[in-house]
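Trainee: I would like a close look at a single part of this model, followed outward to the charged side chains elsewhere in the chain. Please take it slowly and give the reasoning behind each label.

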Amino acid sequence: MEEVPHAIEEIKEKMKTVKHKILVLSGKGGVGKSTFSAHLAHGLAEDENTQIALLDIDICGPSIPKIMGLEGEQVHQSGSGWSPVYVEDNLGVMSVGFLLSSPDDAVIWRGPKKNGMIKQFLRDVDWGEVDYLIVDTPPGTSDEHLSVVQYLAAARIDGAVIITTPQEVSLQDVRKEINFCRKVKLPIIGVVENMSGFICPKCKKESQIFPPTTGGAELMCQDLEVPLLGRVPLDPLIGKNCDQGQSFFIDAPDSPATLAYRSIIQRIQEFCDLRQSKEENLINS
């Protein structure tokens, strides 16, 4: 039992160089959570003076190496810990995918081994001075989520961004995710409705591929009193760019999806800045 408090203290010390910590959650798999995490990292890293770290704790389904164009890269050990793999000078990535001999290898681990891996990622990776640590999580509310919340508890998490799609089959699991956040006292930055309609590039008419039969994320957020950060429409180029390991923002700067992403990223930054400002005022008062 002594191991967990000791690890929390070690991680708290390690995280002193990380300014903001954001968890990206979803109740349902396949809603675009890793895609959002990757593009949140890309968007924040466009400011060359901002240092970004992207941590993939989806132990059994690590897709971040593929999405970030880092498949086949290896983690290197240094005197100060594991070195992240860098996409740009100001964007570092860590994933269990870098530790596998092949991207097709299955990770067949029980809870304790997953928890140990997450502890290592948080304690042993040499991130250096970081402005934003983005943690991409697996779907659900299981071991990995409990571990990362517990280990980062003393280091202060800014909050969670929860990803959904418009249909009820996704929303019903997102309600559970919101309930999870409230039970573990994890602040909710807001909800992003992904795959929110499709705008035809030729006629500009919008079609609902996943109809919001129960009011979509907007009505759910009103009912549960959670901010709706925005809606990201479907764009075939997003999937294409993710498969090619490229930023969608570069390929489609004027896409409605890019504009939606940028608005959402701005709101996340404002949330983190406001939270930091409130904490600094409390310390100084």
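Mentor: Cysteine 200 has a relative accessible area of 21%, and because buried is reserved for values under 20%, this residue is classed as partly exposed. Please keep in mind throughout that the model is predicted. Cysteine 200 sits in the loop that runs between strand S9 (188–199) and strand S10 (206–207), and cysteine 203 is found in the loop between S9 and S10 as well. The UniProt record, an unreviewed entry, lists Cys200 and Cys203 under "binding site", an annotation that may be inferred rather than shown by experiment.

Strand S9 also leads us to the charged side chains, since glutamate 193 lies in that strand and its partner, arginine 231, in strand S11 (residues 228–234), so that the pair links distant parts of the chain, 38 residues apart. The contact itself is a salt bridge between the side chains of arginine 231 and glutamate 193, at 3.5 Å from N to O. The two partners are labelled differently: glutamate 193 is buried, at 4% relative accessibility, whereas arginine 231 is partly exposed, with a relative accessible area of 38%.

In general terms, side chains of opposite charge can pair when their charged atoms come close. Counted by the rule used here, the model holds 16 salt bridges. One of these joins the side chains of arginine 262 and glutamate 46, at 2.7 Å from N to O. Arginine 262 belongs to helix H10 (residues 256–284) and glutamate 46 to the loop between helix H2 (33–45) and strand S2 (52–56), so this pair ties together parts that are 216 residues apart in sequence. Both ends count as partly exposed, arginine 262 at 32% relative accessibility and glutamate 46 at 44%.

Another salt bridge brings together the side chains of lysine 16 and glutamate 13, at 3.0 Å from N to O, and here lysine 16 counts as exposed, because its relative accessibility of 59% is over the 50% limit.

There is also a surface feature built from charges of one sign, namely a patch of negative charge in which Asp47, Glu48, Glu88 and Asp89 gather. Of these residues, glutamate 88 can be placed in strand S5 (residues 85–88), and at 48% relative accessibility it counts as partly exposed, since the label exposed is kept for values over 50%.

Technical notes. Residues are numbered from 1 along each chain as its sequence is written. This is a predicted model: local features need pLDDT of at least 70, side-chain atom pairs count only at pLDDT 80 or more; totals for chains, interfaces and linings use all residues. Side-chain values use heavy atoms; hydrogens and water are left out. Patches are made of residues with over 30% relative accessible area and no salt bridge: like charges are joined within 9 Å, nonpolar side chains (Val, Leu, Ile, Met, Phe, Trp, Tyr) within 5 Å. Accessible areas come from the Shrake-Rupley method with a 1.4 Å probe; for residues, only the protein chains shown count as cover. A salt bridge is a side-chain nitrogen of Lys or Arg within 4 Å of a carboxyl oxygen of Asp or Glu. Lys and Arg count as positive and Asp and Glu as negative; His and the chain ends are not counted. The place of a charge is taken as NZ of Lys, CZ of Arg, CG of Asp or CD of Glu. Helices (H or I, at least four residues) and strands (E, at least two) are DSSP runs, numbered from the N terminus. Buried means under 20% relative accessible area, exposed over 50%, partly exposed in between (1.4 Å probe, protein chains only).
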